[in-house]
Amino acid sequence: MHRQGSLVVQSSPAQQIPLHYQRVAFVHRLGKAQVMYASRNNLSLSRLFGFLALLIGCLIIVLYLFTYTLFLSWWPLWQASLIPLIGMAWLGVGAWITLTSARSRKHCVVCSEGLICIRGKMHIMRWDQIMALWKDFTTDNKGRVSHSYTLHLTDGESWTFADDLVNVEELGAILEDEVTNHLLPHVLVAYRTGIPIHFDAITLSVHGISVQGEGQRFLPWSHVQHLHLDEASLSIYKIGGFWDWATIPISDIP
């Protein structure tokens with residue numbers, strides 16, 4: 001199952017991905033660059049403010065240099081020196097805004113064999129380097145939903161993709177499919193050979209389901225009536241039980 005084909009991809013398609021990223025994908029054998037997700041436009045506004053601050057600083061210093069002998073030479077030295085200091089302050093603010101917005105700028109290029117992620121610097125992630133995917137959806141008091149997807153990698157690093165990326169839900173759906181496609185075959189082999197499979201608070205074995213919370217509880221498969229899974233939680237129902245036997249938030253399950 002691959003959801004990318006069923007989604008309306010509103011981010012940059014392959015033909016619009018910069019050639020630089022396509023070359024990186026080729027060099028690192030990541031396959032074809034398929035789609036790119038970028039930060040929202042509010043970072044472009046930050047860069048505009050940074051440019052304006054740099055421009056103001058330069059204008060103040062240039063005007064000071066050209067008008068000093070005509071208008072400012074009779075000023076006390078300490079007063080005249082304030083003008084270039086103000087200009088330098090504007091330059092400093094502009095440089096800080098520009099650098100901060102550049103470092104905050106994020107890109108994620110999805111390739112057939114992995115990801116190219118830019119967060120200050122470039123990182124390469126292959127699908128087989130991902131150990132687990134966590135997702136967390138929260139709703140504020142105004143009904144707005146926030147999305148977060150966190151990847152845990154084999155080298156110990158973790159990466160989180162949130163709503164500062166445009167169409168992060170599309171990216172999250174692709175991540176879910178790719179992680180499932182690469183991890184599920186190994187998980188099934190381990191499960192069928194009798195090795196317990198751990199999903200943090202939940203452990204699955206050929207004997208049943210174990211859930212850790214306030215103590216550890218075990219439910220044999222023969223006593224499981226059904227499971228209910230949605231974007232918020234996983235609920236397990238026991239045969240003969242009116243209420244759910246256990247409910248675990250999705251954010252607690254890798």
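A salt bridge is taken here as a side-chain nitrogen of Lys or Arg within 4 Å of a carboxyl oxygen of Asp or Glu. By this rule the count comes to three salt bridges. The model is predicted, and local features need pLDDT of at least 70, side-chain atom pairs count only at pLDDT 80 or more, while totals for chains, interfaces and linings use all residues. Residues are numbered from 1 along each chain as its sequence is written, and side-chain values use heavy atoms, with hydrogens and water left out.

**Exercise 1. Determine which residues are linked with K135 in a network of salt bridges, and where the partners lie.**

Step 1. K135 forms a salt bridge with E176, in which the closest N and O atoms are 3.2 Å apart. Because K135 lies in strand β6 and E176 in helix α5, this pair ties together parts that are 41 residues apart in sequence. Helices (H or I, at least four residues) and strands (E, at least two) are DSSP runs, numbered from the N terminus.

Step 2. The side chain of K135 also meets that of E231 in a salt bridge, at 2.6 Å from N to O. This pair links distant parts of the chain, with K135 in strand β6 and E231 in the loop between β13 and β14, 96 residues apart.

Step 3. K135, E176 and E231 are therefore to be read as one network of salt bridges, given the rule of a Lys or Arg side-chain nitrogen within 4 Å of an Asp or Glu carboxyl oxygen.

Step 4. Buried means under 20% relative accessible area, exposed over 50%, and partly exposed in between (1.4 Å probe, protein chains only). K135 counts as buried because its relative accessibility is 14%, and E176 is buried as well, whereas E231, at 40% relative accessibility, counts as partly exposed.

Step 5. Outside this network, the side chains of R144 and D140 meet in a salt bridge of 2.9 Å, N to O, and D140 counts as partly exposed at 31% relative accessibility.

**Exercise 2. Work out the strand order of the open sheet that contains β6, β7 and β8, and describe its pairing.**

Step 1. The sheet is open and has three strands in the order β6-β7-β8, with antiparallel pairing. Two strands pair if DSSP finds at least two bridges between them.

Step 2. The edge strands are β6 (130–139) and β8, each of which pairs on one side only. Neighbouring strands of this sheet are turned by 15 degrees against each other on average, direction ignored; axes are lines fitted to C-alpha atoms, for helices over the stretch in contact, and angles run from 0 to 180 degrees between N-to-C directions.

Step 3. Nine bridges join β6 to β7, and five bridges join β7 (residues 145–153) to β8, again in the antiparallel sense. L151 can be followed through the sheet, since L151 in β7 is the bridge partner of L133 and W159 in β8 is the bridge partner of L151.

Step 4. The hairpin of β7 and β8 has four residues between the strands, and within this hairpin G156 takes a positive phi near 95 degrees.

Step 5. Helix α5 lies across β6, β7 and β8, running at about 35 degrees to β7.

**Exercise 3. Decide whether F161 is buried or exposed, and identify the residues that F161 touches.**

Step 1. F161 is found in strand β8, which covers residues 158–162. In a regular strand the side chains alternate between the two faces of the sheet. In β8, W159 and F161 make up the covered face, while S158, T160 and A162 make up the uncovered one.

Step 2. F161 is buried because its relative accessible area is 4%.

Step 3. With contact meaning heavy atoms within 4.5 Å, and not counting residues up to four places away in sequence, F161 touches C108, L115, C117, H147, S148, Y149, L151, V168, L171 and L175. For S148, 13 residues apart from F161 along the chain, the C-alpha separation is 5.7 Å.

**Exercise 4. Describe the sheet that contains β13, β14 and β15.**

Step 1. Three strands form an open sheet in the order β13-β14-β15, with antiparallel pairing. The edge strands, each pairing on one side only, are β13 (224–229) and β15 (246–249).

Step 2. The twist averages 10 degrees from one strand to the next.

Step 3. Strand β14 (residues 233–238) pairs with β15 over four bridges, and P249 in β15 is the bridge partner of S233.
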